[in-house]
Amino acid sequence: MSIVEKINKLKHQKNAIILTHCYQSIEIDEVSDFVGDSLYLSRVAAKTNADIIVFAGVYFMAQSAKLLSPQKRVFLPNLNSGCLMADMIDVNALRLFKQQHQNIPVVCYINSTAEVKAECDICCTSSNALDIIKSLNTDKVLFVPDTYLGKWVQKSLKNVEVITFNGFCPTHLRIRAEDVENARKKYPKALILAHPECHGEVTKLSDFVGSTKEIMEFALKSKNKQFVIATEKGVVDRLIRDNRLNRQDKEFILINDNIICPNMKHNTLEDIYNVLENETNEILIDNKIADKARLCMDKMLNSI
């Protein structure tokens with residue numbers, strides 16, 4: 001019996017589902033029930049009837065699934081799958097940031113720990129950050145932890161000041177303006193699609209800026225035939241696969257070979273099998289923290 005067959009058998013036996021982020025290694029899709037970006041997977045986690053959720057992603061994503069499905073058991077295949085951006089802010093740093101900018105609502109990117117979410121007013125993803133901030137009907141917001149997503153939203157808002165914490169995604173910051181300029185020269189007919197976690201100089205030079213899901217949808221629906229993708233390699237892998245399955249004659253090019261998130265790639269099929277078999281690496285959150293963090297996430301889901 002192959003490892004895929006073993007995993008599928010255990011899923012059936014234990015009423016488990018596997019949620020997989022688009023930055024994961026593509027072979028994990030073989031056993032996944034749902035594959036997508038953070039917003040989509042958050043919604044799935046909130047609605048699932050499964051007893052067990054295995055989240056093939058990074059730690060904060062598994063925490064978010066646990067927050068939204070507190071009665072479910074949630075497992076992370078590999079506990080080394082952290083997020084460097086999420087680690088850039090903790091509760092103490094957040095409290096200091098709030099103290100420096102008092103009486104201003106705090107929006108936290110979903111790329112943050114439960115402890116940080118518990119200290120914020122509302123959560124957002126890259127798909128809905130603009131709408132979430134608009135929904136607050138305020139002239140100022142604090143945005144944590146990603147300064148580049150916050151600044152990208154700021155450019156689209158006329159009457160709201162977005163004050164950002166100085167966090168960032170090291171993987172997306174490997175993409176530089178010169179990468180875009182080089183891609184323009186090498187692939188003059190290509191559209192350049194970028195994630196808003198990229199540096200502002202990159203998003204300014206790109207043809208389209210959007211979340212993981214939005215990039216994939218744009219590329220698959222566009223009549224253009226060639227695309228340079230300025231986000232994590234997993235997105236390119238899935239676009240190539242889906243293009244082949246849909247028999248479309250399109251080309252997808254990763255903007256440079258270094259756009260791979262090492263933490264996202266920690267999870268393997270073997271890890272998924274092990275946590276399903278042995279029920280290890282369970283995500284547990286203190287009840288008081290969970291209640292506050294859940295409220296932060298529920299506000300997001302109820303506002304869109």
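# Exercises: bridges, rings and a sheet

Arg294 has a relative accessible area of 19%, so it counts as buried (buried means under 20%, exposed over 50%, partly exposed in between, with a 1.4 Å probe and protein chains only). Keep that cut-off handy for what follows.

Before you dive in: this is a predicted model, where local features need pLDDT of at least 70 and side-chain atom pairs count only at pLDDT 80 or more, while totals for chains, interfaces and linings use all residues. Residues are numbered from 1 along each chain as its sequence is written, and side-chain values use heavy atoms, leaving out hydrogens and water.

## Exercise 1: Salt bridges

Task: Find the partner of Arg294 in a salt bridge and say how far apart the two lie in the chain.

Solution.

Step 1. Start with the rule: a side-chain nitrogen of Lys or Arg must lie within 4 Å of a carboxyl oxygen of Asp or Glu. Arg294 meets it with Asp291, their closest N and O atoms being 3.1 Å apart.

Step 2. Now look at the chain. Arg294 and Asp291 are three residues apart in helix H13 (residues 287–303), so about one helical turn separates them. (Helices, H or I of at least four residues, and strands, E of at least two, are DSSP runs numbered from the N terminus.)

Step 3. Bridges can also share partners: Lys14, Arg73, Glu279 and Glu282 are joined into one network that way.

Task: Compare the bridges Lys213–Glu217 and Asp29–Arg238.

Solution.

Step 1. Get the distances. For Lys213 and Glu217 the closest N and O atoms are 3.9 Å apart. For Asp29 and Arg238 the value is 2.8 Å.

Step 2. Place the second pair. Asp29 sits in the loop between strand E1 (16–21) and strand E2 (34–36), and Arg238 in helix H11 (residues 233–245), so this pair links distant parts of the chain, 209 residues apart.

Step 3. Place the other one. Lys213 and Glu217 both belong to helix H10, four residues apart, about one turn of the helix.

Step 4. Check the exposure. Asp29 and Arg238 are both buried. Lys213 has 36% relative accessibility, so it counts as partly exposed, and Glu217 is partly exposed at 36% as well.

Step 5. Zoom out: the whole structure holds 15 salt bridges.

## Exercise 2: Aromatic pairs

Task: Which kind of aromatic pair do Phe97 and Phe165 form?

Solution.

Step 1. Rings of Phe, Tyr and Trp (its six-membered ring) pair if their centres lie within 6.5 Å; planes under 30 degrees apart are stacked, over 60 edge-to-face, and the rest tilted. A search of the whole structure finds four such pairs.

Step 2. Phe97 and Phe165 are 5.5 Å apart centre to centre with 80° between the planes, which is edge-to-face.

Step 3. Phe97 is in helix H4 (residues 91–100) and Phe165 in the loop between strand E8 (161–164) and helix H8 (177–186), so the pair ties together parts 68 residues apart in sequence. Both Phe97 and Phe165 are buried.

Step 4. Now the other kind: Phe227 and Phe252 are stacked, at 5.4 Å centre to centre and 15° between the planes. Phe227 lies in strand E11 and Phe252 in strand E12, so this pair ties together parts 25 residues apart in sequence.

## Exercise 3: The sheet

Task: Work out the order of the strands and find the edges.

Solution.

Step 1. Two strands pair if DSSP finds at least two bridges between them. The open sheet of four strands reads E10-E9-E11-E12, with parallel pairing.

Step 2. The edges are strand E10 (208–209) and strand E12 (251–254), each pairing on one side only.

Step 3. Helix H10 (residues 212–221) packs on the sheet and touches E9, E10, strand E11 (226–230) and E12 (contact means heavy atoms within 4.5 Å).

Step 4. Count the bridges. E9 and E11 pair over four, and four join E11 to E12.

Step 5. Track down Phe227 again. Leu191 stands opposite Phe227 in E11, and in E12 the bridge partner of Phe227 is Phe252.

Task: Is strand E11 buried or exposed?

Solution.

Step 1. Five of the five residues of E11 are buried, so the strand is largely enclosed by the rest of the structure.

Step 2. Take the faces one by one: Gln226, Val228 and Ala230 are buried on one side, Phe227 and Ile229 on the other.

Key
Axes are lines fitted to C-alpha atoms, for helices over the stretch in contact, and angles run from 0 to 180 degrees between N-to-C directions.
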